[in-house]
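Please look through the sequence and the structure shown here before reading on. The paragraphs that follow move from the surface to the interior and then to a loop.

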Amino acid sequence: MIDPNNNSTTLMVAQINDLLADHFALYVKTKSFHWHVKGPRFRDLHLLFDEQAVAIQGQIDVIGERARKLGGDTITSLGMIAQQTQVSDQDNAELSAEDMIRELRNDNAAMVTRLKSMKDTAEAAGDNATDGLLDDWTDAAEERVWFLTALLG
C-alpha cells in the first residue's frame, strides 16, 4: 500500500499534477494545430494532429485518477494548468506546418524527459502502479516524437 505520509508519495503526486498540466496544454495545442494547419500536406497533418490529440486526451483522466489513488488532489483550474505546465502557449494561427510539427515534436520530447525523470520518484515511493504507467505514457510520447521527427526529414 502507498503511504500518503511518505515524502516521496507527496512528490509523486506533485509530479503527476505537472504531467497532467502538460497533457492538458499539449492536447489544446495539438488540437489547435489540427484546426489551423494549411499547405500541401494539409490532409495528412490534419489527421495526424487529430490522432495525436485524441491519444493525449485519452491519458488525461488516467493521470488525474492516479493522483487521487495516491491520496492527493489534482489540478482544479486553467490557472493551475498554466502555472504547472512546461508546454508553452502558441497563439499564432498562421504558423507554418513545419513550425507546428517542430513545436509539437519538441513539446513531446520534453514530455518524454519529464516522464523518465519521474521514474526515480515512483520507485522511492514504492509506487509500482505509477512506475508501470510511466512506461506506457513514455512509449506513447516517444511514438509521437518519432512520427513528428520523421515528418521533418
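Which helix gives the largest share of the negative patch? In this predicted model, the largest share comes from helix α6, which spans residues 128-152 and supplies three residues to the patch. The patch itself lies on the surface, where Glu51, Asp136, Asp139 and Glu143 gather to form an area of negative charge. Glu143, one of these four residues, lies in helix α6, and its relative accessibility is 42%. Because buried means under 20% relative accessible area and exposed means over 50%, with partly exposed in between, Glu143 counts as partly exposed.

Turning to the interior, the largest nonpolar core holds 36 residues, and among these Ile16, Leu19, Phe49 and Leu115 touch the most other members. Two or more residues of this core come from each of the helices α1 (7-36), α2 (42-69), α4 (97-117) and α6, while α1, with nine residues, gives the most. In soluble globular proteins, nonpolar side chains tend to be buried together. Helix α6 therefore appears in both parts of this account, since it gives residues to the negative patch and also to the nonpolar core.

A last stop is the loop between α2 and α3 (78-84), where Ser77 is found. Is Ser77 buried, partly exposed or exposed? Ser77 has a relative accessible area of 31%, so it counts as partly exposed. Along the chain, Ser77 and Asp127 are 50 residues apart, and their C-alpha atoms are separated by 26 Å.

Definitions and conventions. Residues numbered from 1 in each chain as written. Predicted model: local features only at pLDDT ≥ 70, side-chain atom pairs only at ≥ 80, totals over all residues. Heavy atoms only, no water. Patch = residues over 30% accessible without salt bridge, like charges linked within 9 Å, V, L, I, M, F, W, Y side chains within 5 Å. Areas by Shrake-Rupley, 256 points an atom, 1.4 Å probe, with all protein chains shown as cover. Salt bridge = Lys/Arg side-chain N within 4 Å of Asp/Glu carboxyl O. Lys, Arg positive; Asp, Glu negative; His and termini not counted. Charge placed at Lys NZ, Arg CZ, Asp CG, Glu CD. Helix = DSSP H or I, 4+ residues; strand = E, 2+ residues; numbered from the N terminus. Buried < 20%, exposed > 50% of the residue type's maximum accessible area, 1.4 Å probe, protein only. Core = buried A, V, L, I, M, F, W, Y, C linked by side-chain atoms within 4.5 Å.
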